[in-house]
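Q: Can you walk me through reading a protein model that comes with DNA, starting with the domains and ending at the nucleic acid?
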Amino acid sequence: MDFNKILTHWYSVNKRDLPWRQTKNPYHIWLSEIIMQQTQIKQGLPYYETFVSNYPSVFHLANADEQDVLKLWQGLGYYSRARNLHASAKYISNELNGEFPTSYQEMLKLKGVGDYTASAISSISFDEAHAVVDGNVYRVLSRYFGIPTPINSTAGIKEFKLLATQLLDTKNPGDYNQAVMEFGATQCKPKNPYCIVCPLKDSCVALQKGIVGELPVKIKKIKVTKKQFNFLVFISEDKKTVFEQRTSKGIWQNLYQFPLIESETEIPLKSFKSHPSVLDYFKTLDYSFSVFNPKPIVHKLSHQHLYAKFWIIEVKRLETEGIPISEVKNYPTPVLISNFIDAFGF
DNA sequence: AAAACGGGGAG
DNA sequence: CTCCCAGTTTT
């Protein structure tokens, strides 16, 4: 039996029962693929259920406010996925009369849909012969064929895509694509793969060479920058606070947060009022303050380590409009902020 | 070609 | 701690 046959059979026996495997509806497949990008099934599954339930059709999603879409996405990360999902829903609704694109080429025109996602949807929903290459596929192919080309190099991306395309079961591209991914996710795992009982063990190059643990090869190490985030949690006598939307490029775009002062170093409690950035921010405002967490909360992102302090600023009245404290929980926020809101008891 | 983009889970 | 996750977009 060949690679293709073995994997397809393995899949028919071992596949997990996932909700998006009950349908070929491209809208639902699209939702599942966007949600699962760079996300483990366990983490993304409840979000898929929420989105299908709240937005049964592309029209429901298109007619929603972005703020509501981001609120449902809260906690999942990579928020550009939610913004692009919403923008693409509006495009499908308005420009395509609500009809989801039926080809790989047309799907690539959707924001947030790249080669992987277009291949996945077109093969699963429309039986188009496009091979998916995700993290699982890179791992399975590099090991089985003993390919040391770095998977995140230009040459590697090209080489693995070509190989995956040659291996594709063109009669059944959707199931085959899912078979390789499922095999990589649950059998040919990054750590401690089940090589002893692997249906491909007799022909796996990496296993025979004893280099399973060294593949796939990945280059580039990301450099992490550290930042000090000082959030100003205003509380007025009429129980209002200030909540702002992040409109700039960078992390958490379009999500909400308390007014933020970034500082080069941690601001000690004693020198808060006299800190240059704080002085500049408050100017002449009369306030009293305390710090919610004397030790910074460490919030780790892939490219940044944030050291956050929440400063409670009590004032008689706000200088800006502000919102009732009871409403902050209705806004989409980063996990760092929602954790604080829960802990503080807003 | 490289960097940016979240948050959680596994070992 | 490091690495990885049903990747895409921007620089």
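A: Sure. Start with the spacing: the C-alpha centres of domain 1 and domain 2 are 38 Å apart. Keep in mind that this is a predicted model. In chain A, domain 1 covers 3-214 and domain 2 covers 225-344. Their contact draws on nine residues from domain 1 and 13 residues from domain 2.

Q: How much area do domain 1 and domain 2 bury between them?
A: The general idea first: interface size is often quoted as the accessible area lost when the parts come together. Here domain 1 and domain 2 bury about 900 Å² between them, with 51% of it on carbon and sulfur atoms.

Q: And how many salt bridges and polar contacts should I look for between domain 1 and domain 2?
A: For salt bridges, the count is zero. Polar contacts do turn up: six residue pairs across the interface of domain 1 and domain 2, both partners at pLDDT 80 or more. On the domain 1 side, helix H5 (residues 66-73) supplies the largest share, four residues. By class, that side of domain 1 splits into three nonpolar, three polar and three charged residues.

Q: On to the DNA. Which residues are closest to DNA strand C?
A: There are 25 residues around DNA strand C, and the closest are Gln38, Gly112, Gly114, Arg139 and Lys300. Then ask which part of the strand is being touched: sugar and phosphate make up 69% of the DNA strand C atoms within 4 Å of the protein.

Q: Which polar atoms sit by the phosphate oxygens of DNA strand C?
A: Check whether backbone or side chain is involved. Arg139 uses a polar side-chain atom, 2.3 Å from a phosphate oxygen. Gly114 has a polar backbone atom 2.7 Å from a phosphate oxygen, and for Tyr116 a polar backbone atom is at 3.4 Å. The elements giving two or more residues to this surface are helix H2 (26-36), helix H8 (115-126), helix H9 (135-144) and helix H11 (173-186). By class, the surface near DNA strand C has seven nonpolar, ten polar and eight charged residues.

Q: What does the surface near DNA strand B look like by class, and which residues come nearest?
A: Eight nonpolar, twelve polar and four charged residues are near DNA strand B. Of the 24 residues around the strand, Lys42, Thr154, Gly250, Ile251 and His299 come nearest. Sugar or phosphate accounts for 62% of the DNA strand B atoms within 4 Å of the protein, and bases for the rest.

Q: Which residues place a polar side-chain atom by a phosphate oxygen of DNA strand B?
A: Two to look at are His299, at 2.7 Å, and Gln304, at 3.1 Å. Tyr79 uses a polar backbone atom instead, 2.9 Å from a phosphate oxygen of DNA strand B.

Technical notes. Residues are numbered from 1 along each chain as its sequence is written. Chains are lettered from A and ligands numbered from 1 in the order in which they are written. This is a predicted model: local features need pLDDT of at least 70, side-chain atom pairs count only at pLDDT 80 or more; totals for chains, interfaces and linings use all residues. Side-chain values use heavy atoms; hydrogens and water are left out. Domain bounds come from an automatic or database domain assignment. Contact means heavy atoms within 4.5 Å. Buried area is the accessible area (1.4 Å probe) that two parts lose on being put together, summed over both. A salt bridge is a side-chain nitrogen of Lys or Arg within 4 Å of a carboxyl oxygen of Asp or Glu. A polar contact is a pair of N or O atoms within 3.5 Å; within protein, one must be able to donate a hydrogen and the other to accept it, and residues adjacent in sequence count only if both atoms are side-chain atoms. Ala, Val, Leu, Ile, Met, Phe, Trp, Tyr, Cys and Pro count as nonpolar, Asp, Glu, Lys and Arg as charged, and the others, Gly among them, as polar. A residue is near a molecule or strand if one of its heavy atoms lies within 4 Å of it.
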